[in-house]
Amino acid sequence: MAALIAENFRFLSLFFKSKDVMIFNGLVALGTVGSEELFSVVAFNCPCSPARNYIYGLAAIGVPALALFLIGVIWNNHTWNLVAECHKRGTKNFSAAATFLLFGSIMGRAAVAPVTWSVISLLRGEAYICALSEFVRPSSLDKFPAEYGAEVLARFPCKDVPANLTKFRDEVTRRLRYESQLFGWLLIGIVAVLVFLTKCLKHCCSPLSYRQEAYWAQYRSNEDKLFRRTAEVHSRILAAKNVKHFFGFVALDKEEKELVQEFPVEGGVQPSPQWNAITGVYIYRENKGFPLYSRLHKWAKGVEGNGPSPEGHEMLFLAS
């Protein structure tokens with residue numbers, strides 16, 4: 001158990017450090033596998049009662065998957081960029097294809113963990129057996145005693161059955177586990193085909209060459225890293241100035257004193273229009289043939305507006 005928990009923490013650490021989308025999704029899937037195993041060992045206990053098995057079994061598969069999906073939506077930066085876009089500018093500047101692309105990106109990234117959870121649950125089969133054991137038709141079991149019904153079948157997952165029904169319990173368990181694993185493998189196949197087709201479609205419809213797309217990814221990663229680092233320093237220096245103005249002095253350590261001396265913050269904070277200009281959804285655009293790789297890049301170049309214009313060209317390609 002301790003090893004399993006430690007493994008999950010290692011996956012979580014790598015998860016937050018990863019910048020590559022494929023590695024990111026892979027770590028999400030691996031972390032979900034570990035979490036599902038932990039859940040099965042610690043938390044899953046079939047009630048073995050008619051009418052309760054079905055609800056509990058489906059809840060064990062569906063509720064964690066739903067929670068993981070919502071967490072995936074919340075953690076996706078595109079979600080909050082879309083919220084900011086709708087709040088500040090609306091989506092009138094986006095075409096239907098661009099809007100579909102954006103939602104597809106958010107839903108696709110958020111679906112990695114819940115699909116993984118569902119697949120592992122189906123391959124294990126415990127939740128499926130718990131949910132559907134009471135619905136097995138007694139007539140489908142050779143020489144099943146007529147005096148027993150759904151109430152006894154519902155107790156099969158807990159192995160709490162009379163001795164003369166042991167062979168029937170084994171048969172029902174085998175049958176349901178087969179069905180559960182079959183659905184699990186089918187789900188894996190369907191997801192694999194969809195991922196393959198999506199990747200092909202993305203590269204076929206991309207307006208960028210392979211090298212420019214790689215450069216764009218590097219630019220966005222570096223811009224985000226530098227922006228966060230600079231914002232942290234700027235906010236610290238501005239806070240130091242305000243604290244000093246209030247108390248007459250500010251208690252800074254050696255590193256903070258060096259930062260204040262090296263990067264004097266002049267003019268206070270950036271006005272709200274500037275923050276609004278660099279916040280929101282961004283789909284790759286060009287202006288007079290020159291690429292604009294982000295909202296910050298577009299703001300720095302002095303390009304106004306969010307939608308396509310006679311001098312600009314909207315490309316239906318979303319930043320990953």
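Me: Why is Asp170 called partly exposed?
Reply: In this predicted model, Asp170 has a relative accessibility of 31%. The cut-offs are under 20% relative accessible area for buried and over 50% for exposed, with partly exposed in between (1.4 Å probe, protein chains only). So 31% puts Asp170 in the partly exposed class.

Me: What makes Arg169 count as buried?
Reply: Its relative accessibility is 13%, and buried means under 20%. Arg169 therefore goes down as buried.

Me: How do you know that Arg169 and Asp170 meet in a salt bridge?
Reply: The term needs a side-chain nitrogen of Lys or Arg within 4 Å of a carboxyl oxygen of Asp or Glu. For Arg169 and Asp170 the N to O distance is 3.2 Å, so the pair qualifies. Searching the whole structure turns up five salt bridges.

Me: What makes Arg236 and Glu232 a salt bridge?
Reply: Their closest N and O atoms are 2.6 Å apart, which is within the 4 Å limit, so the name fits. These two residues sit four apart in helix 10, so about one helical turn separates them. A helix here is a DSSP run (H or I, at least four residues), numbered from the N terminus along with strands (E, at least two).

Me: Why are Arg236 and Glu232 called partly exposed?
Reply: Arg236 comes in at 29% and Glu232 at 38%. Both values fall between the buried and exposed cut-offs, so both residues get the in-between label.

Me: How do you know that Arg228 is exposed?
Reply: Arg228 has a relative accessible area of 52%. That is over the 50% mark, so exposed is the right word. Its salt-bridge partner Asp224, at 3.0 Å N to O, has 37% and is therefore partly exposed. Arg228 and Asp224 both belong to helix 10 (residues 210–247).

Me: Why is Ala60 called buried?
Reply: With a relative accessible area of 7%, Ala60 is under the 20% limit and so counts as buried. Ala60 is part of helix 3 (residues 52–75).

Me: How are the numbers and values here set up?
Reply: Residues count from 1 along each chain as its sequence is written, and side-chain values use heavy atoms, leaving out hydrogens and water. As the model is predicted, local features need pLDDT of at least 70 and side-chain atom pairs count only at pLDDT 80 or more, while totals for chains, interfaces and linings use all residues.
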